[in-house]
Amino acid sequence: MKHLERIEKALEYIDGHLDEALRLEEISGVFHFSPYYFHRMLSAVVGRPMTAYMRERRLQKACMLLSATKDT
């Protein structure tokens, strides 16, 4: 699997585990990258650090959940 494909899989993994406490070291290990290299590659692909990406994705998920919630 090429590096970019592994980064894409890591992004899918992050999106699927947004409700968990994710650490750079854990995710990079799952996809067989060093934490330093993984951070650089992910930042290059998404245009921001992993923590900023996760925060943005969590906010998007929260907005979707709130908009789907019915008022009672």
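**Salt bridges in a four-helix chain**

Asp15 is partly exposed, with a relative accessibility of 28%; on this scale buried means under 20% relative accessible area, exposed means over 50%, and partly exposed lies in between, for a 1.4 Å probe and with protein chains only. The model is predicted, and local features therefore require pLDDT of at least 70 and side-chain atom pairs count only at pLDDT 80 or more, while totals for chains, interfaces and linings use all residues. Residues are numbered from 1 along each chain as its sequence is written, and side-chain values use heavy atoms, with hydrogens and water left out.

Asp15 has Arg57 as a salt-bridge partner, the N to O distance being 3.0 Å. Asp15 belongs to helix H1 (residues 3–16) and Arg57 to helix H4 (residues 50–68), so this pair ties together parts that lie 42 residues apart in sequence. Arg57 is likewise partly exposed, at 26% relative accessible area. The term salt bridge denotes a side-chain nitrogen of Lys or Arg within 4 Å of a carboxyl oxygen of Asp or Glu. By this criterion, the whole structure contains four salt bridges.

Arg23 takes part in further pairs. Its closest N and O atoms in the salt bridge with Glu25 are 3.5 Å apart, and a salt bridge also links Arg23 to Glu26 at 3.8 Å, N to O. Through these shared partners, Arg23, Glu25 and Glu26 form one network. The members of this network are partly exposed: Arg23 at 45%, Glu25 at 43% and Glu26 at 42%.

The pairs are set in a chain of four helices and zero strands, which reads α-α-α-α along the sequence. Helices (H or I, at least four residues) and strands (E, at least two) are DSSP runs numbered from the N terminus. Along the principal axes, the C-alpha atoms fill a box of roughly 50 × 20 × 20 Å.

Of the contacts with a separation of 6 or more, 53% join residues 24 or more positions apart; a contact means heavy atoms within 4.5 Å. Buried residues account for 28% of the 72 residues in the chain. The accessible surface, from the Shrake-Rupley method with a 1.4 Å probe, is about 5200 Å², and 58% of this area belongs to carbon and sulfur atoms.

Finally, the charges: the chain carries 11 positive and 10 negative side chains, and the centres of the two sets are 3 Å apart. Lys and Arg count as positive and Asp and Glu as negative, without His or the chain ends; each charge is placed at NZ of Lys, CZ of Arg, CG of Asp or CD of Glu.
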